[in-house]
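Visitor: I would like to go through the salt bridges here. Please keep to what can be computed from the atoms.

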Amino acid sequence: GGIVCMVLGSMLLFDSADPIMRVSKSIIGVFAVSTTAISLFVITYMLKGQRQTPRDGLNRLAGAKGVVKKTIPQGEEGMVFVSGELWSATADETIEVGEKILVEQVDGMLLTVKRYSA
């Protein structure tokens with residue numbers, strides 16, 4: 001709709017009796033096609049960005065891998081190293097120092113993790 005109006009408006013705006021004052025229809029066409037292409041690219045890029053889930057703040061930790069630094073007794077707190085930081089963590093099973101973990105959930109500053117085997 002907008003592109004058609006732009007083309008028709010351009011043709012009316014520059015429709016002059018004097019040939020020197022006229023704008024070539026091919027220039028109007030090239031301008032309309034390039035504007036359409038750029039608009040589609042920008043709209044596609046914006047829509048793709050809106051569909052992505054935010055991965056900032058603590059949300060980025062869900063799904064992250066790490067290693068246990070202080071044993072996590074079943075149902076109690078231990079310490080894990082994830083994304084370059086030490087975090088308090090709990091698990092449904094006892095996980096020993098040095099074992100790899102996967103972050104399942106983030107609740108404030110406490111991570112719920114599970115044993116991870118690569």
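Visitor: How many salt bridges are there?

Guide: This is a predicted model, in which local features need pLDDT of at least 70, side-chain atom pairs count only at pLDDT 80 or more, and totals for chains, interfaces and linings use all residues. Residues are numbered from 1 along each chain as its sequence is written, and side-chain values use heavy atoms, without hydrogens and water. A salt bridge here is a side-chain nitrogen of Lys or Arg within 4 Å of a carboxyl oxygen of Asp or Glu. By that rule the count is two.

Visitor: How far apart in sequence are the parts tied together by Arg115 and Glu93?

Guide: Their side chains form a salt bridge, N to O 2.7 Å. Arg115 lies in strand S5 (residues 110-115; strands are DSSP runs of E, at least two residues, numbered from the N terminus). Glu93 is in the loop between strand S3 (85-90) and strand S4 (100-107), so the parts tied together are 22 residues apart.

Visitor: Which residues are joined into one network by salt bridges that share partners?

Guide: Glu99 also forms a salt bridge with Arg115, with the closest N and O atoms 2.5 Å apart. That pair links the loop between S3 and S4 to strand S5, 16 residues apart. The network consists of Glu93, Glu99 and Arg115.

Visitor: Is Glu99 buried, partly exposed or exposed?

Guide: Buried means under 20% relative accessible area and exposed over 50%, with partly exposed in between (1.4 Å probe, protein chains only). Glu99 has 23%, so the class is partly exposed.

Technical notes: Helices (H or I, at least four residues) and strands (E, at least two) are DSSP runs, numbered from the N terminus.
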